[in-house]
Amino acid sequence: MTVIEIPGSKSVTARALFLAAAADGTTTLLRPLLSDDTEGFAEGLKSLGYEVRQEPGVWHVEGRPAGPALDDADVYCRDGATTARFLPTLAAAGHGTFRFDASPQMRRRPLGPLTTALRRLGVDLHHHGAEGHHPLTVTAQGIKGGTLTLDAGQSSQYLTALLMLGPLTAEGLAITVTDLVSEPYVEITLAMMRAFGAHITQDGRTYTVAPTGYRATTYAIEPDASTSSYFFAAAALDPGRTVTVPGLGTGALQGDLRFVDVLRRMGAEVEITETATTVRGTGTLRGLTVNMRDISDTMPTLAALAPFADGPVRIEDVANTRVKECDRLDACADNLRRLGIAVTTGPDWIEIRPGTPSGTGVEIATHGDHRIVMSFAVTGLRAPGITFDDPGCVRKTFPDFHRVFEAFTRTP
Ligand SMILES: O=C(O)C1=C[C@@H](OP(=O)(O)O)[C@@H](O)[C@H](O)C1
Ligand SMILES: C=C(OP(=O)(O)O)C(=O)O
């Protein structure tokens, strides 16, 4: 049995940083994720004048309920969509002029429904290039609150950002969503907001957030469930191999842990206790049709495992994976074809036929997408010779991935 210590959740770390910065008092974050996205988030907070003290395994954040300490600042969001969508929203609750920019990859990714909603709340927000994209300037003078209708069918992060803004408004915020993807990420948001003292009620598709502000706390970050998927998939591929991830149990916040249910349907043995999740490969890997709308960060993991199933694997309802770090449906299809696997795609689906991938001389086109690298590393277990054009892009969420994955594959 292999026990893998997985680094902290990117999504939980990003939310914890936002909530801690907005809270009254000093928050202590235990086991935050050290990666480009989360360090970029912390650096963004510092650019806005927040105090974040980073010690190994513990970060301390001095909360500022009134908003950024500076009234004029430039913030660079790197590749992180949580940073690029959450920080302008946090700044909007303060007072001042805040300029935001992001990497070329993140500039291409949309945030229009969020910035439109912020404008409706009275925020003076200006896009400098394409409408609905970075770079942008927020000129903020506090937010009264009110009611909003939001289309979060492209990204749940729009809703998460506005929900987290709610307690910082003068009169509260009611948000009605007309569409929503990645819904379990909203559950993470609600649970964490409550842990920082917020009051939210939900009536169908309407979320009502009271203007309570946030209370500082001590918050332990759970391991990243999406990162765990590569190790769980590797276990499912290998008869008799057992992988246990401690810290992800029945109380875990992250919906991506449901990836193990997909592996169970395919034939792996899965056990989730209060404190850990274990996957054991059985030698059976069945093809299936699966809707991954809720857990689409694990779509590339399944696509990369799919050739080894005994029948076609069809993944549906994942249109928004086309607006992630790259167009993940096209990237998965292209790379699987490079390995000699038959694949078809549609606007929101991909279907992968069983086959024997040949890795010799094949370079995977990563498009700078960490999940393409980590997913195809799983395929590489059975297709030796695979190389990556940009293996280092794993720094976004798991800088040490290659060392840890290699050590893992060398253990029996
Ligand atoms: O809120 C979050 O932390 C995230 C939400 C999801 O994005 P979408 O809602 O855009 O699908 C997920 O893919 C991303 O990695 C992290
Ligand atoms: C889509 C992802 O990241 P984000 O949207 O937070 O940049 C991801 O980590 O797979």
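In the predicted model, Ser182 counts as buried, because 23 C-beta neighbours lie inside 10 Å and the threshold for a buried residue is 20 or more. Ser182 is placed in the loop between strand β11 (173-180) and helix α7 (183-195), and, when neighbours within four places in sequence are left aside, its contacts are Ser156, Asp294 and Ser296. In the UniProt record, an unreviewed entry, Ser182 is listed under "binding site", together with Lys10, Ser11, Arg15, Ser155, Ser156, Gln157, Asp297, Asn320 and Lys324.

Ser182 also belongs to the surroundings of ligand 1, where 13 residues are found and where Ser11, Ser155, Ser156, Ser182 and Tyr185 come nearest. The elements that contribute two or more residues to this shell are helix α1 (10-22) and helix α6 (157-165). Sorted by class, the shell around ligand 1 comprises 9 polar, 3 nonpolar and 1 charged residues.

Ser11, another of the residues that come nearest to ligand 1, is part of helix α1. Ser11 is classed as buried because 31 other C-beta atoms are within 10 Å. Apart from residues up to four places away in sequence, Ser11 touches Thr82, Tyr185, Ile188 and Gln254; of these, Tyr185 is itself among the residues nearest to ligand 1.

Asp297 carries two annotations in the unreviewed UniProt entry, since the "active site" feature covers this residue and the "binding site" list includes Asp297 as well. Asp297 is located in the loop between strand β19 and helix α10, and it is buried because 25 other C-beta atoms lie within 10 Å. With residues up to four places away in sequence not counted, Asp297 touches Ser226, Asp256 and Arg371.

The two elements on either side of this loop take part in a right-handed β-α-β unit, which is made by β19, helix α10 (residues 299-305) and β20. Strand β19 (residues 288-291) pairs with strand β20 (residues 313-316) in the parallel sense, over 4 bridges, and one residue pair in this arrangement is Val290 with its bridge partner Ile315 in β20.

A further set of 4 strands forms an open sheet with mixed pairing, in the order β1-β16-β18-β17. Strands β1 (2-3) and β17 (269-272) stand at the edges of this sheet, and each has a single partner strand, so one side of each is left without a neighbour in the sheet. Within the sheet, strand β16 (residues 242-246) and strand β18 (residues 276-280) run antiparallel and are joined by 5 bridges, with Arg280 in β18 as the bridge partner of Thr242. In general, strands of a sheet pair through backbone hydrogen bonds, in either a parallel or an antiparallel manner.

Leu125 has its place in strand β8 (residues 124-127). Leu125 counts as buried because 21 C-beta neighbours are found inside 10 Å. Once its neighbours within four places in sequence are set aside, Leu125 is in contact with Thr115, Leu118, Arg119, Leu136 and Val138. For one of these contacts, Leu136, the separation from Leu125 is 11 residues in sequence and 7.0 Å in space, taken from C-alpha to C-alpha.

Key
Residues are numbered from 1 along each chain as its sequence is written. Chains are lettered from A and ligands numbered from 1 in the order in which they are written. This is a predicted model: local features need pLDDT of at least 70, side-chain atom pairs count only at pLDDT 80 or more; totals for chains, interfaces and linings use all residues. Two strands pair if DSSP finds at least two bridges between them. A crossover is right-handed if, with the strands pointing away from the viewer, the path from the first strand over the helix to the second runs clockwise. UniProt positions are given in the numbering used here, feature names are shortened, and annotations may be inferred rather than shown by experiment. A residue is buried if 20 or more other C-beta atoms lie within 10 Å of its own, exposed if 12 or fewer, and partly exposed in between; C-beta atoms are placed from the backbone. Two residues are in contact if their C-beta atoms, placed from the backbone, lie within 7 Å. A residue is near a molecule or strand if its C-beta atom, placed from the backbone, lies within 6 Å of it. Ala, Val, Leu, Ile, Met, Phe, Trp, Tyr, Cys and Pro count as nonpolar, Asp, Glu, Lys and Arg as charged, and the others, Gly among them, as polar.
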